[in-house]
Amino acid sequence: MNRPTVKTLALGSFTLVLVLGAAFRAPAQDAKAPYPKMGPLGPYLMERNAEIALARSAAPAAISNDAEVLVLGRHGFETAVRGKNGFVCLVERSWNSPFDSSEFWNPKLRGADCYNPPAARTILPLVIKRTELALAGQSKAQIFDSLKAASRKKELEPGAMCYMMSKEAYLTDEDDHNLAHLMFYLPQGTAWGANLPGSPVLMHQQTVLGVPGPVSEFIIRVPEWSDGTLAPTAAH
């Protein structure tokens, strides 16, 4: 898989956006984009059992087998499986991409996430909110404004992280479409040496989640998919 440098690997709270520090501003609809608006709902939905399996594949079975699993319904995410360990797995759709992403409405995108308990309490509610707004027919700009207000009510909880190790995920139309990685959410400004040559750490300024300020989302590549098979981690 190509090493991301100045491109976007789409999908919201796990987006790899390497052009950082953009102003927090409302997006414009782009009629020339490949996916200028949300299409019919059908292509965004999945068969229920297939969605549960894809959601669980975000993390190793020792974690995901006891996690709560959400699936997408016609009005938002619904609980399909009750959990025992505080983790929550689900399959995000394209409207969790950055607001300036050309794939914001791409119906092919499927991002399998497994949030740990702190992230399930503080990050996941805004992911769920985005979905409800998109399925209610709101435009990109309307979703942005609604989330900006909602994010002020959420405090980042220490230790928040997410597994994204599914071999079957589809995160972007570009290149190999996928990346095995973990995500860690910290207050903006934390120095991890991210985005430097040779560093395995990538960073995305997830401004829409931050309260009282933006959140730094650190993405660390991992060498295996959740099933233990080798995942590509270097440029080719």
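**Close-ups of a predicted model**

**View 1. The whole chain, five helices and 10 strands.** That is the secondary structure you get for the protein chain, and keep in mind that this is a predicted model. The chain runs to 236 residues, and 50% of them count as buried. Take the contacts between residues at least 6 apart in sequence: 67% of these link residues at least 24 apart. As for the outside, the accessible surface adds up to about 10,400 Å², with carbon and sulfur atoms accounting for 57% of it.

**View 2. The largest nonpolar core, with its 35 residues.** Leu90, Trp95, Trp105, Tyr115, Leu124, Ile143 and Tyr185 are the ones that touch the most other members. Several elements chip in two or more residues each: on the strand side, strand 3 (68-72), strand 5 (88-92), strand 7 (161-164) and strand 8 (181-187), and on the helix side, helix 3 (117-122), helix 4 (124-135) and helix 5 (140-151). Helix 4 is the top contributor, giving six residues to this core.

**View 3. A second core, separate from the largest one.** This one is made of 22 residues. Look for Ala59, Ala67, Ala180 and Ala231, which are among them.

**View 4. Glutamate 51, up close in helix 1 (residues 48-56).** Is this glutamate 51 buried or exposed? Its relative accessibility is 1%, so glutamate 51 counts as buried, the cut-off being under 20%. Setting aside neighbours within four places in sequence, glutamate 51 is in contact with Met46, Leu70, Val71, Leu72, Phe77, Val91 and Arg93.

Note on methods:
Residues numbered from 1 in each chain as written. Predicted model: local features only at pLDDT ≥ 70, side-chain atom pairs only at ≥ 80, totals over all residues. Heavy atoms only, no water. Core = buried A, V, L, I, M, F, W, Y, C linked by side-chain atoms within 4.5 Å. Buried < 20%, exposed > 50% of the residue type's maximum accessible area, 1.4 Å probe, protein only. Helix = DSSP H or I, 4+ residues; strand = E, 2+ residues; numbered from the N terminus. Contact = heavy atoms within 4.5 Å. Areas by Shrake-Rupley, 256 points an atom, 1.4 Å probe, with all protein chains shown as cover.
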